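Here is a friendly set of notes for someone opening this structure for the first time. Please keep the model on screen as you read, and look up each residue as it comes along.

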Amino acid sequence: MQNIAAGHQDPRPEDDEIDLLALVTLIWKGRVQVAAAVTVAVCLGAVYAYLTPPVWRADALVQLEARTGLLSLPDGFSDLIADTSPSTLAEIEILRSRSILREASANLKLDRRVLPRETLFFGDAMRQGRILDMFDEGFDAYPRLSETIDLSYLQVPTAWIGQPLNLKVTGADTFEISLPDGATLAGRARQMLVDEGRALSLKIESIEAATNREFEIVQVPEPVSVRVLAGSLTVAEQGRQTGILRVSMTAPTPREAERRLNAVLSAYTDKSILNNAAEVAQGLAFVDGQLPIAEAQVQAAETELNS
């Protein structure tokens, strides 16, 4: 005997379906607010894109070569010297190493920084967007985009590292420096300004800014300057097992990106030359030590043949 249970269908709620017509009607009623929100978003995006400084990148290719041709040795001696072919991963780590970046940072003078005075609410955006060029009065202290000073030397007390020194242009080649302790010093371009009592020395090589423009000079701690350079550097192998490295460097300007990249590659090349010279010297010393042993073995073999 079969028992057939009477099935029943659960009623489906009618309010879980999307009413497209009602949704379109709602959007149409708020079309003014939607259009205003889209317009504001587009304007803000355009302003941000206009005021944000671009980031430029410089690239270079480095070919890694085996170092087997450093010495031309007899076969017997060549077998005694280990293979010194460079590892790609090892060379990448050397390029990123602190010693390479420290030397490059020193050559680039990244341990000192010159910053233009920024506006209170807009920071450096008004200068980058050339908005300051539209004002002749009221913004005399803020340097324009084309105005710079060339700081060729800076040495401050340890306690002042990282603290800004305020520089104000007072003439075509004169300036004033306001120190963190409240003192003020006057200086002239192309002349060393020295305060032995405060262990302060600096030299402004050139001033390309109008009178009353203000800048901040900062002695950057070495770890910070190295970290800035490391954050802009990218090293990767071009392809797989090619022995070719692609080195990239980013910076605010094309010239600065190229300058930083050249400094890193120059430091890497100098270190490679020193390492190769050390290996050559070590190999020559090893050969000099093995020559008497080889001569003795040859003489013993000749004696045995003649006997």
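1. A good place to begin is a single pair: D195 stands opposite L200 in β8. This pair belongs to the junction of β7 with β8 (residues 200-208), where four bridges join the two strands in the antiparallel sense. Strands here are DSSP runs of E with at least two residues, helices are runs of H or I with at least four residues, and both are numbered from the N terminus. Two strands count as paired if DSSP finds at least two bridges between them.

2. Before going further, a word on what you are looking at: this is a predicted model, in which local features need pLDDT of at least 70 and side-chain atom pairs count only at pLDDT 80 or more, while totals for chains, interfaces and linings use all residues. Residues are numbered from 1 along each chain as its sequence is written, and side-chain values use heavy atoms, with hydrogens and water left out.

3. Now widen the view around β7 and β8. They belong to an open sheet of three strands, in the order β3-β8-β7, with antiparallel pairing. At the edges lie β3 (148-155) and β7 (192-195), each of which pairs on one side only. Ignoring direction, neighbouring strands of this sheet are turned by 20° against each other on average; the angles are between axes, which are lines fitted to C-alpha atoms, and run from 0 to 180 degrees between N-to-C directions.

4. There is also an open sheet of five strands, in the order β2-β9-β4-β5-β6, and its pairing is antiparallel. Its edge strands are β2 (112-116) and β6 (184-188), each pairing on one side only. From one strand to the next, the twist averages 25°.

5. Let us walk through part of that sheet. Strands β4 (residues 164-169) and β9 (residues 214-219) pair over five bridges in the antiparallel sense, and L165 stands opposite I217 in β9. On to β5 (residues 174-178): four bridges join it to β4, and V169 has F175 as its bridge partner in β5. β4 and β5 form a hairpin with four residues between them.

6. What joins β5 to β6? The answer is five bridges, with the two strands running antiparallel; E176 has A186 in β6 as its bridge partner. This is a hairpin too, with five residues between the strands, and G182 in the turn has a positive phi of about 95°.

7. Turning to the interior, the largest nonpolar core has 26 residues, and those with the most contacts inside it are L95, L229, V247 and V264. (Such a core is a set of buried Ala, Val, Leu, Ile, Met, Phe, Trp, Tyr and Cys residues joined through side-chain atoms within 4.5 Å; buried means under 20% relative accessible area, exposed over 50% and partly exposed in between, with a 1.4 Å probe and protein chains only.) The largest share, seven residues, comes from α8. A second, separate core of 22 residues includes V156, I177, L202 and F215.

8. Two residues are worth a click. Leaving aside neighbours within four places in sequence, V264 is in contact (heavy atoms within 4.5 Å) with L95, I100, L101, A104, L229, L233 and M249. A267, in helix α8, is buried with a relative accessible area of 0%. A267 touches I100, E103 and A104, not counting residues up to four places away in sequence. A267 and L95 are 172 residues apart in sequence, yet 8.8 Å apart in space, C-alpha to C-alpha.

9. Why do the buried residues of α4, namely T88, E91, I92 and L95, lie on the same side of that helix? They cover an arc of only 105° around the axis, which puts them there; the arc is that of the directions from the helix axis to the C-beta atoms. In α7, the buried residues are S225, V226, L229 and S232. Their arc of only 130° around the axis puts them on the same side of α7, while R227 and G231 are exposed on the other side.

10. Finally, the overall tally: the protein has eight helices and eleven strands, and buried residues make up 30% of its 307 residues.
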